[in-house]
Amino acid sequence: MILKNIKLIVVLMMSMLTTSAVFAQDDVGLTAKQVVEKFQSELIAVMKDGKKLGYAGRYEKLSEPISNSHDLTKIARIVVGKEWEKLSEDQQQKLTDIFIRLSISSYAHNFKDYSGESFGFDSEEETTRGGVVVHTHLVIPNDKPVKFDYMLKEKGNSWRIINIIANGVSDLALKRSEYTTILQREGFEVLMTKINEKIDSYSKL
Amino acid sequence: MPINVNSSINIRLKVISVSLVMAVALAACATTTGVEHATNKDDPYENVNRAMYHFNDKLDDYLAAPVSKVYNKVTPQFARTGVFNFFSNLKNINVIVNDALQAKFMQGARDSGRFLLNSTLGLGGFVDVATDTGLDLNVEDFDQTLAVWGVPAGSYLVLPIIGPSTMRGIPGAAFDVAANPSTYLGVPIQLVSLLNTRATAEGSLKFIDEASLDPYVFTRESFLQWRNNLATDGKSESSMDFGDDLDELNSGTKQSGAKIEPAPQDISKTKHKLELLAPLQ
């Protein structure tokens, strides 16, 4: 009887461990292409429910998929370029936190409803520095498709998106120019204020 | 996501017709001022450019936007689309000329087919029937031709009324204006073209305001990237791989504000990009 109970407990513990492992290592073991496709399908799913969810609902639903598929900490660092080193640890942490909020709210704002859009995979290629670029396109009914190229880097055991290039325009390069310019011309506090205002306007529009 | 930005920048560039003389004057003036605060090597005249950007912005706020609002109210959507198609069709002649100058003969043949189809079955260009038959609109202009011939873009410039450009963009625009039949249709027709272009750009301009923290930098970066992407037919991989950028950040050797150099790429691997962006070549 005792043996049976121990067996049961072990089985239970094993299954719990497996479940938690699945949750904790959401995108572990996926290829770069799979990370992108998983994220895109999650995005489309949120768009389909977009109106019903509202901004807050979309933000909540997208939060985990975005954090699991993007390396937002690294992106936050790249977008301020060399200015990163001039920031205090406290400022670096503040910037990273607010940048994560901005990224999710930007998705929640821009992908608010669904009118038949779908993503298609084109190809993938390795870059010379160990990254992978996944080329996809967004099909929009009655409009020209938009090319979406995802640049991914390996972080631990998983692939993470660090840049998105839409029709040849790099989101990272764009943000980097904006952020470094504001830091150089107006300083850290102004950058924080501007990002906060942006998040605020995304939540209202 | 900068989805609509390209078309907006394109449209701003399209608002060409008025003051090339002023443009040249500005370029001359720009060579003597604004250098001391430069932070971006592509934009050494940032201070002058910013001033011009704000001038254009105010001009848009107080003149172009209100007029365009009225125009939007009094004309139905199908009329605006028709007018847009008409001018877009006339511009095809310039596209075909530049196809030839860049030795894109297959694309030139298809663009000629597009022009003929839209000019006849498309009722003089008002209806875009060619796109439905697979003859998509291509964007080719003399600035791209100069790029293909190896002329560097030069510094970024914001021109009065016209908006974003580069040093190379000035002769490029002069050629395009000369090669566009609508230039010779008289001032009233050109005003309609301008008005319709501005009205069509409404959504894109709103997007810039919405997406950017610094609209000037946002416009400059998306313009330069978009032009580079067009000039290289999507082959350019610049700004895609930030790996070396991070390495340099760690070692602290990178100059602030310097442009990220493109990662070396195997062109054969990016062939599909050519097919996607310019399927008619």
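# Reasoning about a predicted two-chain model

Chain B has twelve helices and two strands. The model is a predicted one.

Q: In what order do the helices and strands of chain B run from the N terminus on?
A: The elements follow the pattern α-α-α-α-α-α-β-β-α-α-α-α-α-α. Of the 281 residues in chain B, 50% are buried. The accessible surface of the chain amounts to about 12,700 Å², and carbon and sulfur atoms hold 66% of that surface.

Q: What share of the contacts in chain B with a separation of 6 or more is made by residues 24 or more positions apart?
A: Such residues account for 71% of these contacts.

Q: Why is Asn85(B) called buried?
A: The term applies under 20% relative accessible area. Asn85(B) has 15% relative accessibility and therefore counts as buried. Its place is in helix H4 of chain B, residues 77-101. Leaving out residues up to four places away in sequence, Asn85(B) touches Gly125(B), Phe126(B), Val127(B) and Asp128(B).

Q: Why is Ala103(B) called partly exposed?
A: Partly exposed residues lie between the cut-offs of 20% and 50%. The relative accessible area of Ala103(B) is 46%, so Ala103(B) is partly exposed. This residue sits in the loop between H4 and helix H5 (105-120) of chain B.

Q: What makes the phi of Ala103(B) notable in a residue other than glycine?
A: Its phi is positive, near 60 degrees. Most residues other than glycine have a negative phi. In chain A, Asn167(A) also has a positive phi, of about 45 degrees, although it is not a glycine. Asn167(A) is located in the loop between strand E4 (158-166) and strand E5 (169-170) of chain A.

Q: How do you know that Lys51(A) is exposed?
A: Exposed means over 50% relative accessible area. Lys51(A) has a value of 70%, and is therefore exposed. Lys51(A) belongs to helix H3 of chain A, residues 50-69. Apart from neighbours within four places in sequence, Lys51(A) is in contact with Lys112(A) and Asp113(A). Its C-alpha atom is separated by 24 Å from that of Asn196(A), 145 residues apart along the chain.

Q: Why is H4(A) called oblique to H6(A)?
A: Helix H4 (residues 72-79) and helix H6 (residues 171-185) of chain A pack at an angle of about 50 degrees, with axes 8 Å apart. That angle makes H4(A) oblique to H6(A), because angles under 35 degrees count as roughly parallel and those from 65 to 115 as roughly perpendicular.

Q: Which residues of H4(A) and H6(A) meet?
A: Ile75(A), Ile78(A) and Val79(A) in H4(A) meet Leu172(A), Lys175(A), Arg176(A), Tyr179(A) and Thr180(A) in H6(A). By class, this contact has five nonpolar, one polar and two charged residues.

Q: Which members of the largest nonpolar core touch the most other members?
A: They are Tyr150(A), Leu152(A) and Tyr179(A), in a core of 54 residues. Helix H2 (residues 32-48) of chain A gives the largest share of this core, eight residues. Another core, of 15 residues, lies apart from it and includes Phe207(B), Tyr216(B), Val217(B) and Trp226(B). In soluble globular proteins, nonpolar side chains tend to be buried together.

Q: What does Leu152(A) touch, not counting residues up to four places away in sequence?
A: Among the residues touched by Leu152(A) are Ala32(A), Val35(A), Val36(A), Trp159(A) and Ile161(A).

Notes
Residues numbered from 1 in each chain as written. Chains lettered and ligands numbered in written order. Predicted model: local features only at pLDDT ≥ 70, side-chain atom pairs only at ≥ 80, totals over all residues. Heavy atoms only, no water. Axes fitted to C-alpha atoms, helices over the stretch in contact; angles between N-to-C directions. Helix = DSSP H or I, 4+ residues; strand = E, 2+ residues; numbered from the N terminus. Parallel < 35°, antiparallel > 145°, perpendicular 65-115°, else oblique. Contact = heavy atoms within 4.5 Å. Nonpolar A, V, L, I, M, F, W, Y, C, P; charged D, E, K, R; others polar. Buried < 20%, exposed > 50% of the residue type's maximum accessible area, 1.4 Å probe, protein only. Areas by Shrake-Rupley, 256 points an atom, 1.4 Å probe, with all protein chains shown as cover. Core = buried A, V, L, I, M, F, W, Y, C linked by side-chain atoms within 4.5 Å.
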